Amino acid sequence: MKNLLINFHLCTALSLILCLLVFSQKINAEVQTQLQNRLTQMAQQALDITQQSATDNQVLQQLQTDILNLHTQTLEEIVSLHGWPSQSLVGSKGVNAAVTIVKYSEDLDFQQNMLPLIIQSYMNGQGVTGQSVADITDLVAIRKGQKQVFGTQYQITQGKLVFSPIENVDSLDQLRAELNLPPFAEFKKQLELTELP
């Protein structure tokens with residue numbers, strides 16, 4: 001009888017543990033979906049507001065700053081709770097959205113703090129592309145008053161592509177190849193076809 005009671009309690013405990021594991025997996029799946037949705041919404045807002053506030057309208061510019069600052073704070077909180085959003089946590093859409101939020105952030109310290117996490121995510125095959133690593137690296141360098149490394153940043157001035165100064169031009173294609181990017185001349189030619197009138 002004693003063995004029967006022990007077996008009963010053991011089965012009950014195992015059933016309870018199994019139920020908790022299933023429940024925990026459902027909660028994790030919900031959290032992952034919510035995080036992915038939140039990140040993609042913030043990224044889309046960042047894209048929309050930066051396109052709309054390209055004018056001299058001060059109200060739109062202030063709105064842009066407020067929204068981008070809120071996105072920066074939100075992503076900082078997500079990273080402090082979960083680490084950099086990985087593909088296994090938020091899917092490739094969520095990872096791309098997180099990179100977009102970093103790219104459009106107006107907070108240089110935030111961008112600098114996120115860059116090593118983005119690089120590590122790329123190296124771990126967690127959904128960050130070489131293009132994203134190059135973009136953020138060059139953005140941070142330019143904002144710090146330095147030359148860009150991968151030649152990703154440019155403006156269109158008087159119908160011509162004008163690239164921000166590039167460091168180590170002689171090794172540029174080698175550096176780009178390390179991130180699976182095309183040679184600079186090929187990249188520039190593609191931009192001329194797509195960006196210029």
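Here are two short exercises on how side chains pack in this predicted model.

Residues are numbered from 1 along each chain as its sequence is written. In this predicted model, local features need pLDDT of at least 70, side-chain atom pairs count only at pLDDT 80 or more, totals for chains, interfaces and linings use all residues, and side-chain values use heavy atoms, with hydrogens and water left out.

**Exercise 1.** Find which helix gives the largest share of the largest nonpolar core.

Start with the term: a nonpolar core is a set of buried Ala, Val, Leu, Ile, Met, Phe, Trp, Tyr and Cys residues joined through side-chain atoms within 4.5 Å. Buried means under 20% relative accessible area, exposed over 50%, partly exposed in between (1.4 Å probe, protein chains only).

Next, look at the core: it has 30 residues, and Trp 84 and Ile 118 are among those with the most contacts inside it. Helices 1 to 5 each give two or more residues; helices are DSSP runs (H or I, at least four residues), numbered from the N terminus. Helix 3 wins, with 8 residues.

**Exercise 2.** Work out how Tyr 154 and Phe 163 are arranged.

First, the rule: rings of Phe, Tyr and Trp (its six-membered ring) pair if their centres lie within 6.5 Å; planes under 30 degrees apart count as stacked, over 60 as edge-to-face and the rest as tilted.

Now apply it: the centres are 5.7 Å apart and the planes make 50 degrees, a tilted pair. Tyr 154 is partly exposed at 25%, while Phe 163 is buried at 17%.

Finally, zoom out: these two join Phe 184 and Phe 187 in one aromatic cluster.
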